[in-house]
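Please take a look at the chain below, and keep the structure open while you read. We will walk through part of its strand pairing and then stop at a single side chain.

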Amino acid sequence: MIVIELLVLLLVILFIVFVFVVFFGAPYVPTLAEQRKNALNLLNLKKGQTLYELGSGDGSLLLDAAARGLNTVGYELNPVLVLISRWRGRHYRDQIKVVWGNFWNADFSRADAIFVFQMDYSMKKLEAKIKKETEGKPFRVASNAFKIPGKKPAKKSGAVFLYTYP
C-alpha cells in the first residue's frame, strides 16, 4: 500500500512540475532529430563556438551540438528535465552546461547563436533581447516552427527558420 501511495505522490509531483512551467514558458515538446539536424546545419557554427538553447528540454539538441564540437548552454525551467539533460550530457561535461532557470535572465552576449522552440507570443520580446545584448555583432538564431514577427528569415530548412543579426 505504501508503494502505491509513493507512486501516486511521485506522479502528482511530476504532473505539477510539468504543468507549472507552462505558466512561465512553453510546454515541453521534444525537438525531432530532423529538426535538430536542420537547425545545426543552418546555424553553421564552427568547433568551439557557443550555442545557447532556450528551453533545452531533455538535452537532445545540446548533445547533437556537442558531438559537432560546439560548446552549449541550455536553459530549462523544469527541474526534472534539467536532471535528465545533465545526466545525458555527462560525457560532454566540458561542452554542455545546463542551467536550471529562466532564459530571460541569461546574458546572450556570450553566445554565437541561439536555438529556440518557443511560442509565438515570446518571439518579439526575444528579438528585442537579442538586439540589445548582441550589440551589432554577427549573430544567428534558429527557430523551430515559430517565426519572429516582422523579420524575414535568411533561410529555412523544413520547419526551422534561420535569422541573422545585425
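In this predicted model, Glu76 stands opposite Trp100, a residue of strand E3. That pair is a good place to begin, since E2 and E3 (residues 96–100) run parallel and are joined by 5 bridges. To get from E2 to E3, the chain passes through helix H4 (residues 79–88), and this β-α-β crossover is right-handed.

Now turn to the other partner of E2. Strand E1 (residues 50–54) also runs parallel to E2, with 5 bridges between them. If you want a residue pair to find on screen, try Tyr52, whose bridge partner in E2 is Val73. Here the chain crosses from E1 to E2 by way of helix H3 (residues 60–67), in a β-α-β crossover that is right-handed.

How much of strand E2 is buried? Of the 6 residues in E2 (residues 71–76), 5 are buried, so the strand is mostly covered. As a general point, side chains in a regular strand alternate between the two faces of the sheet.

Finally, move along to strand E7 (residues 160–165), where you will find Phe161. Is Phe161 buried or exposed? Its relative accessibility is 7%, and because buried means under 20%, Phe161 counts as buried. What is Phe161 in contact with, leaving aside its neighbours within four places in sequence? Its contacts include Val141, Ala142, Phe146, Pro153 and Lys156. Ala142 lies 19 residues away from Phe161 along the chain, yet their C-alpha atoms are separated by 5.6 Å.

Methods. Residues are numbered from 1 along each chain as its sequence is written. This is a predicted model: local features need pLDDT of at least 70, side-chain atom pairs count only at pLDDT 80 or more; totals for chains, interfaces and linings use all residues. Side-chain values use heavy atoms; hydrogens and water are left out. Buried means under 20% relative accessible area, exposed over 50%, partly exposed in between (1.4 Å probe, protein chains only). Helices (H or I, at least four residues) and strands (E, at least two) are DSSP runs, numbered from the N terminus. Two strands pair if DSSP finds at least two bridges between them. A crossover is right-handed if, with the strands pointing away from the viewer, the path from the first strand over the helix to the second runs clockwise. Contact means heavy atoms within 4.5 Å.
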